Amino acid sequence: MNAHTTNGPGAVDPLLALRPWEAPEVTSWGRLPMNAVDRRSGCLSLDGDWRFQLLPAPDAPVGGEWSSAHVPGAWTLQGTDDLPQYTNIRMPFAEFPPGSPATNPTGVYERSVDVPAEWAGRRIVLQVGAAESVLLVHVDGRPVGISKDSHLAAEFELTDLVRPGGRTLVRLTVVKWSDASHIEDQDQWWHGGITRSVLLYATDPLRLADVTVRARRDGQLRVDCQVRDARGALPEGWSVSGDLDGHPLTRDREFDRVNAEEERVSDFLGEARLRATVPEVRTWTAETPELYDLTVRLHRADGTVADTSRHRVGFRDVEIVGRDLLVNGERVFIRGVNRHDFHPLTGRTVSQDDMRADLVLLKRFGFNAIRTAHYPNDPALYELADELGFYVVDEADIESHDHAHEIADDPRYLGAFVDRVSRMVLRDKNHPSVIIWSLGNESDYGANHDAAAGWVRRHDPTRPVQYEGAAKRGWADPDLASDIACPMYAPLEDCVAHALSGEQTKPLIQCEYSHALGNSNGTLADHWAAIEATPGLQGGFIWEFWDHGILQRVNDGRPVGRGGAGLYDNGVTAPGHRWAYGGDFGETIHDGAFIADGIVFPDRTPKPVMYEHREIAAPVRIDCFRHEGVVLSNHQHFRGLDWLSAEWELSSADGRTLTARAELPDLRPGGTAAVPMPFELPESGGEAWLTLRVTTAEDLPWAPRGTEVCAPQVRLRAAERPLATAMATATDGAEAESFDAGSVEVDDDGLLSHPLLTVAPTLSLWRAPTDNDELGGAALRWRAWGLDSMVRKVVSVHRDGPGVTVLAEYAGAIAAVRHRQVFTPVEGGVRVEEWAELPDDLHDVARVGSVFETVPGLDLLEWFGQGPWESYPDRGAGAPVGHHSVPVDALFTPYLRPQESGGRHGVRRFTLSAPDATGLTVALDEPRQVCVTRYRAADLTAATHHDELVPRPGCVVHIDAAHRGLGTASCGPDTFPSYLVAPGVHRWSWTLRVL
Ligand code: GAL
Ligand code: MG
């Protein structure tokens, strides 16, 4: 065993002497150039447990005491005292760029490696997948190199430093804070460690140095190879060959000739071009991710193979024509999401299986695009995107948010900008999924960006470049380094106005929109209605995929780390655990729950907005219903409907559901056709809805046969008259005769007594503020108005024959609300007619409605209305109308910071029942917002984490005459005025019966 290398007293390590953690000019030292050659076969994985110690600073002496740390992984999640910290914009330390704090956790990783004896004579390379934020490499105590960029691999040549057949000591020193941290100030947890795999591989000295593939939609393939030899001069007679799905490529002699004529032929850099034309090529798109297998070989003079690289090739074109982004000549909609590399146990270390699960889920919910916010993601992600079909905006690891302005033009950072953007492009250029390069995020706009953009445009003229910081200086300005107008959180009306202005010159695709913090994503459907209706608008990327909750033990506040699988399910953590957000690890500088802003929970459980998105993205839709039939349309860009199968479903208000097999017509993209109405519409039965339940017809890489794809719906018949009247006539009989005075009891306080209610219905104007309510300012207003603590005072209780009229006043801080309830006995129950008058001062409240609580045991909710998933007036309100049945406990969505949750929009009637079918049923006068959970709004408001909530044994039931939309005001526009609760008089009524 080799002795551990330690810095003896007085020894000056040249890597440390450079103090590279405070030198932005030093982007690397000794690092090999980035390339796209595939090196996976025959490599030696160095993943696993390494000896580890955490120093307080990079120049602190390495001690004799070692613990161990897993590679890949963040040490912040592996039992050290350096814990994760979450900040959005603010840097976690006070030093100005390029400075770093004196206390600077530095991880020293060591392990010995047995270098295979058969690597004798070969060139040996160490690859470190990712380390944050500065990597220093030593081998057997000798300095090897330095690298920065926490999200790209670094390679170092070890050929002369190691002995094949011998044992070598590799030390990787990772400095957490550096000049680079100032340009890695993304909105996420700060970690430290080696977060992607480490490996060793060997090549022949004569090797492929890079391979660049260009494959166009007309079937033209061009493969450019660079060849080098570790010994310096290239040997005579080398050659390259290649084949595509087994068909040989031809060497481009014209390229050779021009190279020769222009005397560009070099004796140390070989260049060769291979070509092929694929007849009847199967083109690649996100809908049709057709891939061909390319093998490139480098031969020695005797024809033997010195090197091989394999690639999966997709034939496709990306171009901007006018103001449209075209893929294979078609203007495509970008149904995108921003995705971080994230896992609740391992932080930024994500396995290939996890990445596949992410993308499979996105496919199933209708997404077709990913922005790799805000850095190059794990390389495996791009292969999965090629295979499953996603358009990718590949973003460079540059975000200087806190000091954006100072850094954008700082020449000391110029090299870092160009280095980060160019290395991303060199790595990912062969992926058909990558359609746009992004220069980074939230770093203002300066000469450093233009320098990086210039490099990209020269190196890869086949893809557009985008950068939000440039685009915001002018969406149509041709001089800015963004080919796309890619704003974040732009108001929809501004986007539409721009598209209609006649001044639009660039595709308008929001790089971030519809912020998913907590119960959010209001107006998503309105956005898409406008996007689809407005030429010039092409979509955008929802912010974001993940809730970045880290699984934490509550008793000691520690992250659980790698061993925690199985300690969560369905978005909820096991007892004694919780999803940690900012501040939960004792950080003093943090940004709280702002990190929990994804469309999936930390365990990837979809949030309700996913289901709405699936419908918004539906590939097949019902346009309308006419006498001659149902008009269907194909909303895809490139394929027919043959990959889908479907079933018709007719739901009517009387409780009936009929189903029938559906034949999908043969429709080209954009085509429409009428198909015969599958059912005779029953003569009576009230409101009736026709749904097309669409599923996958065969097994796909992202969905087994029978996976739900969408459920478009059309109303066949409206409710004949207001529901309340209908209910009254259908079941009440003659009211006066059936009156049973004992069945309505209202006490002198005006409160209804009912055997199934533990708390009588009163007026509610309050909801547990959502993150949008809190951060957008509404909750502040509501508290100032006292809506969370209105004081009820009975004004009068008037008994008039069988009925009772109660007048009450709810006093808040600035105004009082008058509320009237009329209780009328009906057979088996009571009808409640309500009236509330909101003074003008209360011009935008959370809700106006009734709240009551039931006895325990009524654990199943069945309803007729929109569903089954959670919905609010401006989110999910287009969910199919039907008969739904969900256990009460499953109605609630456990948003990480408890808040209003569990609502259902458009409910016509509902039943709450016990297993023995006893319980209550409520018929509503009109489709209403109903919420049934185990929590009072006050319970939710008081809790900071889900694990603090104690479910009540009964149900808390809200019936709202009006409920405010959710909007996205935590970061972006609030809901539209049409979804606000207006002052003035609100009336609603409902009839409660015992089952
Ligand atoms: C954007 C930013 C994201 C994230 C988001 C808010 O401004 O680009 O990284 O911070 O806001 O969640
Ligand atoms: Mg930011």
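**Entry 1: a first sheet**

I began with an open sheet of four strands, which runs in the order β18-β17-β21-β22 with antiparallel pairing. I then looked up its edges and found β18 (247–248) and β22 (305–313), each of which pairs on one side only. I record here that the model under study is a predicted one.

Within this sheet I examined the pairing of β17 with β21. Strand β17 covers residues 239–244 and strand β21 residues 292–299, and the two pair in the antiparallel sense over six bridges. I noted one facing pair: Leu244 stands opposite Leu294 in β21.

**Entry 2: a second sheet**

I next turned to another open sheet, in which four strands follow the order β15-β16-β20-β19 with antiparallel pairing. At its edges I found β15 (206–215) and β19 (250–251); each has a single partner strand, so one side of each is left without a neighbour in the sheet.

I looked up the pairing of β16 with β20 as well. Strand β16 (residues 220–229) meets strand β20 (residues 270–277) in the antiparallel sense, over eight bridges. Here the facing pair that I noted is Asp224, which stands opposite Arg273 in β20.

**Entry 3: the chain as a whole**

Which elements does the chain contain, and how many of them? I find 17 helices and 58 strands. I then asked what radius of gyration the chain has and how that value stands against a compact globule. The chain has 32 Å, and a compact globule with 995 residues would have a value near 30 Å, so the two agree.

For the outer dimensions I used the C-alpha atoms, which fill a box of roughly 110 × 70 × 55 Å, taken along the principal axes. I also looked up burial: 62% of the 995 residues count as buried.

**Entry 4: ligand 1**

Which residues come nearest to ligand 1? Of the 13 residues around ligand 1, I list Asp187, His374, Glu442, Glu512 and His515 as those that come nearest. By character, the shell divides into five nonpolar, four polar and four charged residues.

I then went through individual polar contacts with oxygen atoms of the ligand. A polar side-chain atom of Asp187 lies 2.5 Å from an oxygen atom of ligand 1. For Asn441, a polar side-chain atom is placed 2.9 Å from an oxygen atom of the ligand. Asp597 likewise has a polar side-chain atom 2.9 Å from an oxygen atom of ligand 1. Last, I looked up the cover: the protein covers 95% of the 310 Å² of accessible area that ligand 1 has on its own.

Key: Residues numbered from 1 in each chain as written. Chains lettered and ligands numbered in written order. Predicted model: local features only at pLDDT ≥ 70, side-chain atom pairs only at ≥ 80, totals over all residues. Heavy atoms only, no water. Near = heavy atom within 4 Å. Polar contact = N/O pair within 3.5 Å; in protein donor to acceptor, adjacent residues only side chain to side chain. Areas by Shrake-Rupley, 256 points an atom, 1.4 Å probe, with all protein chains shown as cover. Nonpolar A, V, L, I, M, F, W, Y, C, P; charged D, E, K, R; others polar. Pairing = 2+ DSSP bridges. Rg over C-alpha atoms; globule rule 2.2 N^0.38 Å. Buried < 20%, exposed > 50% of the residue type's maximum accessible area, 1.4 Å probe, protein only.
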